[in-house]
Amino acid sequence: MHDHDHDHGHCIADALGRAESLCAERGARLTDLRRQVFELVLGSHRPAGAYDLVARLGEMGGKPVAPQTVYRALDFLIEQGLVHRIASLNAFVGCSRPEVDHAGQFMICSQCHEVAELGDPETVATLVRHAGAQGFTVHSVSVELTGTCAACRGRD
């Protein structure tokens, strides 16, 4: 799902730069803590749980951070479109297109636990249209596909 030969440090630096620019454009404040939480979420292509983030922040030194503080930071990052919540895992991943308002669509590998974001607005529009035809009003959309990625299938 991801090119394991890519420069992940560059990937993170690019995402942080885009986040700072987007927050500045929107008049939102990317505080040091919010930036740290975002950087930790971006640290791998695997979803990060809030309590894992609390522990990792504690390992970074300084005073312990309360879970509710991390949840508030995550709420901000979600609000700004920088992070998505993977409901089935109760975990968080960085957004690949934070500059575009969109519903999350994810492929989740059940073996390596990596997550990749899809970007097909037509699929979401179709789902919302079909729901509307049934008299259902959609408030939010998150599509999660669980399966096996090509890399893991190749290892079998």
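Q: Before the contacts of Leu 53 are read, what does contact mean?
A: Contact means that heavy atoms lie within 4.5 Å. The model is predicted. In this model, Leu 53 touches Val 37, Leu 40, Val 41, Ala 48, Val 70 and Leu 74, with residues up to four places away in sequence left out of the list.

Q: Which members of the largest nonpolar core touch the most other members?
A: This core has 27 residues, and those touching the most other members are Val 37, Phe 38, Leu 53, Leu 74, Leu 77 and Leu 82. Two or more residues come from each of α1 (8-26), α2 (32-42), α3 (50-59) and α4 (67-79). The largest share, 6 residues, is given by α1. There is also a second, separate core of 5 residues, including Ile 86, Phe 106, Ile 108 and Val 115.

Q: How should the sheet be read, and what is the order of its strands?
A: The sheet is open, has 3 strands in the order β4-β3-β5, and shows mixed pairing. Its edge strands, β4 (115-118) and β5 (142-147), each pair on one side only. On average, neighbouring strands are turned by 25° against each other, direction ignored. Between β3 and β4 the pairing is antiparallel, over 4 bridges. Within this part of the sheet, Ile 108 stands opposite Val 115 in β4.

Q: Is Gln 105 buried or exposed?
A: A residue is buried when its relative accessible area is under 20%. Gln 105 has 5% relative accessibility and therefore counts as buried. Gln 105 is placed in strand β3 (residues 104-109).

Q: What lies around the side chain of Gln 105?
A: A polar atom of this side chain lies 3.1 Å from the backbone oxygen of Asp 120. Among the residues that Gln 105 touches are Ala 116, Leu 118, Asp 120, Pro 121 and Val 143.

Q: How many salt bridges does a search of the whole structure find?
A: Side chains of opposite charge can pair when their charged atoms come close. The search finds 2 salt bridges. In one, the side chains of Arg 35 and Glu 20 meet at 2.0 Å, N to O. Arg 35 lies in helix α2 and Glu 20 in helix α1, so this pair ties together parts that are 15 residues apart in sequence. Arg 35 is partly exposed at 27%, and Glu 20 is partly exposed at 39%.

Q: Where does the salt bridge between Arg 56 and Asp 52 lie?
A: Both residues belong to helix α3, where they are 4 residues apart and thus separated by about one helical turn. Their closest N and O atoms are 3.2 Å apart. Arg 56 is partly exposed, with a relative accessible area of 26%, and Asp 52 is partly exposed, with 36%.

Note on methods
Residues numbered from 1 in each chain as written. Predicted model: local features only at pLDDT ≥ 70, side-chain atom pairs only at ≥ 80, totals over all residues. Heavy atoms only, no water. Core = buried A, V, L, I, M, F, W, Y, C linked by side-chain atoms within 4.5 Å. Buried < 20%, exposed > 50% of the residue type's maximum accessible area, 1.4 Å probe, protein only. Polar contact = N/O pair within 3.5 Å; in protein donor to acceptor, adjacent residues only side chain to side chain. Pairing = 2+ DSSP bridges. Axes fitted to C-alpha atoms, helices over the stretch in contact; angles between N-to-C directions. Salt bridge = Lys/Arg side-chain N within 4 Å of Asp/Glu carboxyl O.
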